[in-house]
Amino acid sequence: MKEIKEGFVIETLEKHFGFSTFRTGQKEIIKDILSGHDVLGILPTGTGKSLCYQLPSILFRGITIVVSPLISLMIDQVKQLKAKGFKRVAAINSMMNVEQKKAIINNLNQYKLIYVSPEMLQNSWIMKVLLTQHISLFVIDEAHCISQWGHEFRTDYLKLKAVISQLNNPPVLALSATATPEVQQDIMHYLGRPKMLKRIYPMDRENIAFVIEHTANWTDKVDRIINLLKEKQVPTMIYFSSRMWCERISTILGERLPNRNVSYYHGGMDSEDRLLIQQQFMNNQLDIICCTSAFGMGVDKPDVRLVIHFHMPTQLESYIQEVGRAGRDGKQSVGLVLYSNGDEQIPLTLIEQELPTDKQIQDVFHFLSSTTIRELPQLEEAIFINLELNETQWGFISHQLERNNLIENGILVNDHSKWRTGLETTLAYRNKRMRNKEELFTQFLSWIHSTSCRREKLYESFQNGFTKPELLCCDHCHSVLSNWQTEGLPIKDATYNWNEKLKKIFQIG
Ligand SMILES: Nc1ncnc2c1ncn2[C@@H]1O[C@H](COP(=O)(O)OP(=O)(O)OP(=O)(O)O)[C@@H](O)[C@H]1O
Ligand SMILES: [Mg+2]
Ligand SMILES: [Zn+2]
């Protein structure tokens, strides 16, 4: 690929994407990719990581595969590319029926860029067809998911190394906006690419000011939000720790802010509803979204001005991702965290629910090593019901069964010593993960209680230094909210109002 000239790359940028210049880091990463290197690219939220693989995919002869964590993210990207005239792109996801999947899989060579979830790459039918194709580039977008989710919630992230080698080891590009040096190590380790070229850029966002306010309790938080949103008429996202809270506060805000359009978004809603809410928010038909962490990644709305955390996330990395939805157009925006004493209990409970207890692990191992049925799929229901595991906890254990070779092709092995050492390894691993999660949360808490510049402290574990904004930095440096000049809500996207549109066309009324 060395023969691709820089001028041609710029021409492609203009022709296919309508941009005249590259943003920081894009050119360097694209150049490395076109030269066939494996690259780990860290660029701040909202600065254009997608282009780093979209542009090369046009120039490559074969297919570029992009592993993406969310369906809404894939659908959005495919839609945006198609709107730009790039038709040879598709997403394969669990929302599609078999016929829809077949339509893509059976015509793979018509596509240049294919988005898939890590789970889809465990499907032998899909892998068999991919094997018949030339894969030019294998991309892992939001690569921090490997480290953040791979161990419990989505263990197929840890199987990507095997997928890449099955696909004849194409060059790999891993992208993220939030990866500490440890997470970067994790990404390279789990992808089996310890020598990736690192293209790491500062991830701080100069135009986001950080504010943490202490509140007495949750009703105080609601009052604070209502006062603020009456004063600042800006597109806003409010993060909650649970579905219940996000619905409950959305209803209250809807009643008490009649001039604003409020709704909610969480993982318990069906995919169609979620897509609809996301689209309405993008089109300015909604201007306040109460959401859980399920909303965020890939939401490329340029003018979100305010991101409020009603509840704390469990780590700084998630906070940086979530607040990174603000000010993607570069204009002044604010991240506000509302904190009441005792709030730490919620994230701590969440962390605990992400891992099985020692007792649960012992019970599952005891049950599986002694039961007469040896087919694991037949036992899953009994495990869920009798041992009261949630899906994440079971995800962790079943992955440990695979890692410790206690299961072969879905059949449990009959070797007592293997089960004994497997149990010890799993317990040790669980404790390591728990300590890691607690440590990350302690880091977040110390940020909440910090007495020096929030910006400095927020990025401390990710990079050396940051750009200090002159106007609004954080609540310790400036009086942010009283000095924040807002522009007001953007005009609603009229294209969605067909009545109005038709009236205009026919000049009625
Ligand atoms: N060179 C460029 N010039 C102008 N705009 C660009 C350029 N590259 C990307 N953009 C725009 O920047 C916006 C953000 O891009 P993108 O979604 O790829 O960001 P990201 O880094 O992946 O963000 P996130 O971390 O949230 O996933 C998009 O609207 C995109 O069109
Ligand atoms: Mg992205
Ligand atoms: Zn500051």
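A residue counts as buried here when its relative accessible area is under 20%. By that cut-off tryptophan 245, at 15%, is buried. Keep in mind that this is a predicted model. Below is a quick tour of its zinc site, its ligand 1 pocket, its aromatic pairs and one arginine out on a helix.

**Zinc site (ligand 3)**
- Four cysteine sulfurs hold the zinc ion: the SG atoms of Cys453, Cys473, Cys474 and Cys477, at 2.3 to 2.5 Å.
- The geometry comes out tetrahedral, with angles of 96 to 124° among the four donor atoms.
- Along the chain, the donors are spaced as C-x19-C-C-x2-C.
- Cysteine 453 sits in the loop between helix 18 and helix 19 (454-459), while cysteine 477 is in the loop between helix 19 and helix 20 (480-483), so this pair ties together parts 24 residues apart in sequence.
- Cysteine 453 is buried at 9% relative accessibility, whereas cysteine 477 is partly exposed at 31%.

**Ligand 1**
- There are 17 residues around ligand 1, and Lys49, Ser50, Asp300, Arg325 and Arg328 come nearest.
- Serine 50 has a side-chain N or O atom 2.5 Å from an oxygen atom of the ligand.
- Arginine 23 also puts a polar side-chain atom 3.0 Å from a ligand 1 oxygen, and for glutamate 142 the corresponding distance is 3.3 Å.
- On its own, ligand 1 has 640 Å² of accessible area, and the protein covers 83% of that.

**Aromatic pairs**
- The structure has 15 aromatic pairs in total.
- One of them joins tyrosine 53 and tyrosine 115 edge-to-face, with 6.2 Å between centres and 75° between planes.
- Tyrosine 53 belongs to helix 3 (residues 51-59) and tyrosine 115 to strand 4 (residues 113-116), so the contact links parts 62 residues apart in sequence.
- Both rings are out of reach of the probe by the numbers: tyrosine 53 is buried at 0%, and tyrosine 115 is buried at 0% too.
- Tryptophan 245 and phenylalanine 310 make a tilted pair, because their planes meet at 40° with the centres 5.8 Å apart.
- Here helix 11 (residues 243-256) supplies the tryptophan and the loop between strand 12 (306-309) and helix 13 (316-323) supplies the phenylalanine, so the pair ties together parts 65 residues apart in sequence.
- Phenylalanine 310 is buried, at 0% relative accessibility.
- Phe210, Tyr319, Phe444, Trp447 and Tyr459 make up one aromatic cluster.

**Arginine 420**
- This residue is part of helix 18 (residues 416-448) and counts as exposed at 55% relative accessibility.
- Its C-alpha is 20 Å from that of glycine 395, which is 25 residues away in sequence.

Methods. Residues numbered from 1 in each chain as written. Chains lettered and ligands numbered in written order. Predicted model: local features only at pLDDT ≥ 70, side-chain atom pairs only at ≥ 80, totals over all residues. Heavy atoms only, no water. Helix = DSSP H or I, 4+ residues; strand = E, 2+ residues; numbered from the N terminus. Buried < 20%, exposed > 50% of the residue type's maximum accessible area, 1.4 Å probe, protein only. Donors = N, O, S within 2.8 Å, 3.2 Å for Na, K, Ca; no water. Tetrahedral: all angles 85-135°; square planar, octahedral: opposite > 155°, others 65-115°. Near = heavy atom within 4 Å. Polar contact = N/O pair within 3.5 Å; in protein donor to acceptor, adjacent residues only side chain to side chain. Areas by Shrake-Rupley, 256 points an atom, 1.4 Å probe, with all protein chains shown as cover. Phe/Tyr/Trp six-rings, centres within 6.5 Å; stacked < 30°, edge-to-face > 60°.
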